[in-house]
There are 2 protein chains.
Amino acid sequence: MGQVDETNPEPAELLSRCFDILDAFCRGPAEKLTLADITRRTSLPKSTAHRLLASLVSLGALERTGPAYQLGLRMFEIGEHVTRKRDLREAALPFMEDLYEVTHQTVHLAVLDGTEVLYIERIQGHQKQRQLASRVGGRLPAYSTGVGKALLAFNPQTAAQIIKTGRLQARTPYTITNPKLLLEELAATRKTLLAFDRDENALGIHCVATPILANNQAVAAISVTGPANTIQEERIGSAIRTAALGIERTLGTNPPT
Amino acid sequence: MGQVDETNPEPAELLSRCFDILDAFCRGPAEKLTLADITRRTSLPKSTAHRLLASLVSLGALERTGPAYQLGLRMFEIGEHVTRKRDLREAALPFMEDLYEVTHQTVHLAVLDGTEVLYIERIQGHQKQRQLASRVGGRLPAYSTGVGKALLAFNPQTAAQIIKTGRLQARTPYTITNPKLLLEELAATRKTLLAFDRDENALGIHCVATPILANNQAVAAISVTGPANTIQEERIGSAIRTAALGIERTLGTNPPT
DNA sequence: TACTAGTGTTCCACGTGGCGGGACGTTCGG
DNA sequence: CCGAACGTCCCGCCACGTGGAACACTAGTA
């Protein structure tokens, strides 16, 4: 019933390479890339990259100014029509606003994609200087973030995969790199429906997270993130669970994916 | 200096077709499409569409559940990295919030793309039932919208093109379909920096708009939109110009594109 | 000025990989 | 029981994408 196929029938070479190029713009803060940059990041032959770039530009997927390429408005337009994101966002936003109202900390909405967490939405009041690592459309490892652990708790096969492939790299001295410890935490999260991040992803930053469940699957997670000393875990825990229940109810009214 | 090339060196057929498919998801409210739907919308041979869809799925550009395809998270991720949109949004959002605070009407941010207006951002308080035609990532004709006319006023060649190709279709009885009238309005907008929409795009909806200028080019436009009787043009006009100046100043601090 | 190392652009013979008509299996509604 | 509409699969043909190599241009260095 409604399974997502994960086959790999050799996508057209040309296409695959084009997406490599588009992905090149999603890594690192550099957002205008030159032909040479792209050949480096994708290790494509120069002339091939050149040709593909020309095609992408003529399709509006990229825009070119002089020697610099950047993602085009057409990609934005398509991205805004991604239903999974749209539905989630619409359902979650009001409750995220409530959470912000109560906590005055940054509120995140994220989903699991592969072994990483993809941020769908973020609310932070009036652009504080607080530079968090997160960013809408950005990715972070699942095992070192609150939302990530909330999601992993309900995706045991993904958790196992992360552990098996030895991806538990320390991002701070507090990152959990011990598989057994991580699994214990995930088990606790399954019971309390809360996940925490205490300096594990960035020093001085704490976070309380909870999954959004639908049909016993974690379709997303929300979190409240901020400076260690301002995050009161019990108080935020209640608030965030309340918000999560509201979102689940809203999602339930729409026919589930 | 910094011109965008608009050449057309025959993009790879395969690629062009894939974008046709992706575009198919951006038209109409239908957001899950079946193979047959897609062959209809793109008029591709069935087997070809089938193969391309499989490729797109295996790349994560599309997701498949049973017979239904929808845009994948990867497209969202890429879309969020479109710099032109990101920079504009970041610069404009605070001022748009101020505008909302003052007017309590829907606030739009849009850019010109081809002969249409592409909506980048929208603020509307607590999800009122008010269903406007606009939508983030959506398009509307430039000539019948406030933001569109604000942008056309500073893109005379595009305005000429729209008129020449006879695209002035009436969307309501009040839509301006007379080229001369439209040009006069654009000239007025160039002087006052304000554009109006009075039932021209949708009945009962008025709108006040203004361009965001950088180097004497209109890079975007903002508008305040709402029910005809609640839009006070003079008052909103001042507010929206103030906001526009703030945005222009913010954009100016970043090196212009 | 000459030289080098880095860019972006163009060309073209080669052969891979995309093409799509058509056959097949399945699920509907009548 | 049949036809219609859908998704899947196959396979010979040949267009089209491929990428090495040559070219052009701009620094920066000696």
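Reader: Which atom of DNA strand C does a polar side-chain atom of Lys46(A) lie 3.1 Å from?

Author: In this predicted model, the partner of Lys46(A) is a base oxygen of DNA strand C. Ser47(B) also places a polar side-chain atom by a base oxygen of that strand, at 3.2 Å. For His50(A), an N or O atom of the side chain is 3.3 Å from a phosphate oxygen.

Reader: Which elements give two or more residues to the surface near DNA strand C?

Author: From chain A they are helix H2 (35–42) and helix H3 (46–59), and from chain B they are H1 and H3.

Reader: How many residues surround DNA strand C, and which are the closest?

Author: There are 16, and the closest are Thr34(A), Arg40(A), His50(A), Arg64(A) and Arg51(B). On the DNA side, sugar and phosphate make up 64% of the strand C atoms that come within 4 Å of the protein. By class, the residues of this surface are 5 nonpolar, 5 polar and 6 charged.

Reader: How is the size of an interface often given?

Author: It is often stated as the accessible area that is lost when the parts come together. Between chain B and chain A, about 5800 Å² is buried, with 64% of it from carbon and sulfur atoms. On the chain B side, Leu73(B), Phe76(B) and His81(B) lose the most area to chain A, together 12% of what that side buries. The contact takes in 63 residues of chain B and 62 residues of chain A.

Reader: How many salt bridges does the rule find across the interface of chain B and chain A?

Author: The rule finds 8. One joins Glu31(A) to Arg86(B), with the closest N and O atoms 3.0 Å apart.

Key
Residues are numbered from 1 along each chain as its sequence is written. Chains are lettered from A and ligands numbered from 1 in the order in which they are written. This is a predicted model: local features need pLDDT of at least 70, side-chain atom pairs count only at pLDDT 80 or more; totals for chains, interfaces and linings use all residues. Side-chain values use heavy atoms; hydrogens and water are left out. Contact means heavy atoms within 4.5 Å. Buried area is the accessible area (1.4 Å probe) that two parts lose on being put together, summed over both. A salt bridge is a side-chain nitrogen of Lys or Arg within 4 Å of a carboxyl oxygen of Asp or Glu. A residue is near a molecule or strand if one of its heavy atoms lies within 4 Å of it. A polar contact is a pair of N or O atoms within 3.5 Å; within protein, one must be able to donate a hydrogen and the other to accept it, and residues adjacent in sequence count only if both atoms are side-chain atoms. Helices (H or I, at least four residues) and strands (E, at least two) are DSSP runs, numbered from the N terminus. Ala, Val, Leu, Ile, Met, Phe, Trp, Tyr, Cys and Pro count as nonpolar, Asp, Glu, Lys and Arg as charged, and the others, Gly among them, as polar.
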